[in-house]
Amino acid sequence: MLAKDIGIDLGTTNTLIYIKGEGIVLNEPSIVALETDTKRIVAVGTEAKEMLGRTPGKIKAIKPMKDGVIADFEATEIMLNSFIKKIKAQNLFFRPRILICCPTNITQVERNAIKEAAERTGARKVYIEEEPKVAAIGAGLDISKPMANMIIDIGGGTTDIAILSLNDIVSSSSVRIAGNSFDQDIINYIREQYKLLIGEKTAEEIKKTFVNLTKPSKKKKREIRGRSLITGLPQAIEVTQEEISMPLLESINKLIKETTKLLEEINPELSSDIVEKGIVLTGGGALVKGLLGIFKQELKVPVLIASSPLTCVAEGTGVLLENIKMLEESH
């Protein structure tokens, strides 16, 4: 069996793996559960996520990626190894070529760390590509022509904003405000307003199923459970959709400000292309209810969500792996 080329979307929240000729074969949370004293792996991915905030003292569930870059090198390596073994892309004789994606504004040191982590999983060759470029390809945009395409990729740890033309990034910005920031906004609001501590999983679930940024209802209510900061005991409160949606607006406005800044800096020809073609949103953060409406309203240009925003980067790696020459040319 020949080694298969694989594409990895190594995200702060989730890791997706694409195998050439097979499609996306893995989509799991970027989490590792370890025994603190022995460093023995207890669980990786989905199984480890179930343990978040629920582990006994000797087991720690950690997120090795922070803001799109490696925060814990050892845990990232363990996680990648485990995922690659899971998909059986490695064998004793042939090593795969790996394409891995990263945010646009990371340092050379951070880029090298990502490359090294991939190499240590047994890769024959490692290619690094910038996330918004790969997301644009995965969203079905033709970035090969001398015409502007604009993408806003709202991931877990970072939002990458980029204008692309002729297979390259013309102008870009990477902001460390994204899906996880929205979760934190909810956690902070509940803590300050109700003196109640809730976990990341609860906040994420509220964001996905209850928040509405453009038409929040005062009548829609939801129970939230957590730990009282006053008594230390479990407690339940009730919040309206309107009040729980408002705390996210500050983060959203920062993303709009950054996008506006980028649009103001480009030349008029590229601007006219964007007015005509619009901006494409990708990444899990794009799915927050009402976010599309706010972007349309504030940016005054057409904005649309990619058909599969969560998998655009992984699917983009697939397109690039099918056109390996394109990858070789850019490296």
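**Exercise 1. Find how much space the largest pocket of this predicted model holds, and describe its lining.**

*Solution.* Start with the volume: the largest pocket encloses about 1000 Å³ of space. Next, look at what surrounds the centre. The lining is made up of 47 residues, and those closest to the centre of the pocket are Thr 12, Thr 13, Gly 155, Gly 156 and Asn 180. Finally, sort the lining by class: 20 residues are polar, 14 are nonpolar and 13 are charged.

**Exercise 2. Work out which residues line the second largest pocket and which elements supply them.**

*Solution.* Let's take the volume to begin with, which is about 350 Å³ for the second largest pocket. Now list the lining: Leu 52, Gly 53, Arg 54 and Ala 61 belong to it, as do Leu 197, Ile 198, Gly 199, Glu 200, Lys 201 and Thr 202, together with Arg 225 and Gly 226. Then turn to the elements. Both α6 (200-209) and β15 (221-228) contribute at least two residues to this lining, and α6 has the largest share, with three residues. As a last step, divide the lining by class: four residues are nonpolar, four are polar and four are charged.

**Exercise 3. Decide whether Ser 228 is buried or exposed, and identify its surroundings.**

*Solution.* First place the residue: Ser 228 is part of strand β15. Then apply the cut-off. Buried means under 20% relative accessible area, and Ser 228 has 4% relative accessibility, so it counts as buried. Now follow the side chain of Ser 228, which reaches the backbone nitrogen of Ile 230 at 3.1 Å. To finish, leave aside residues up to four places away in sequence; Ser 228 then touches Lys 195, Leu 196, Leu 233 and Gln 235.

**Exercise 4. Explain why strand β9 is described as largely enclosed, and find the strands it pairs with.**

*Solution.* Begin with burial. Strand β9 covers residues 97-102, and six of its six residues are buried, so the rest of the structure largely encloses it. Check each face in turn: Arg 97, Leu 99 and Cys 101 point one way from β9, while Ile 98, Ile 100 and Cys 102 point the other way, and all are buried.

Now go through the partners. Strand β1 (residues 6-10) pairs with β9 in the parallel sense over three bridges, and here Ile 6 stands opposite Ile 98. Strand β10 (residues 125-130) also pairs with β9 in the parallel sense, over six bridges. In that pairing, Cys 102 is opposite Glu 130 of β10.

Notes: Residues numbered from 1 in each chain as written. Predicted model: local features only at pLDDT ≥ 70, side-chain atom pairs only at ≥ 80, totals over all residues. Heavy atoms only, no water. 1 Å grid on protein atoms, 1.4 Å probe; cavity = no way out; pocket = protein on both sides within 12 Å on 5 of 7 lines; lining within 4 Å. Points joined across faces, edges and corners; volume = space filled by probe spheres on them. Nonpolar A, V, L, I, M, F, W, Y, C, P; charged D, E, K, R; others polar. Helix = DSSP H or I, 4+ residues; strand = E, 2+ residues; numbered from the N terminus. Buried < 20%, exposed > 50% of the residue type's maximum accessible area, 1.4 Å probe, protein only. Polar contact = N/O pair within 3.5 Å; in protein donor to acceptor, adjacent residues only side chain to side chain. Contact = heavy atoms within 4.5 Å. Pairing = 2+ DSSP bridges.
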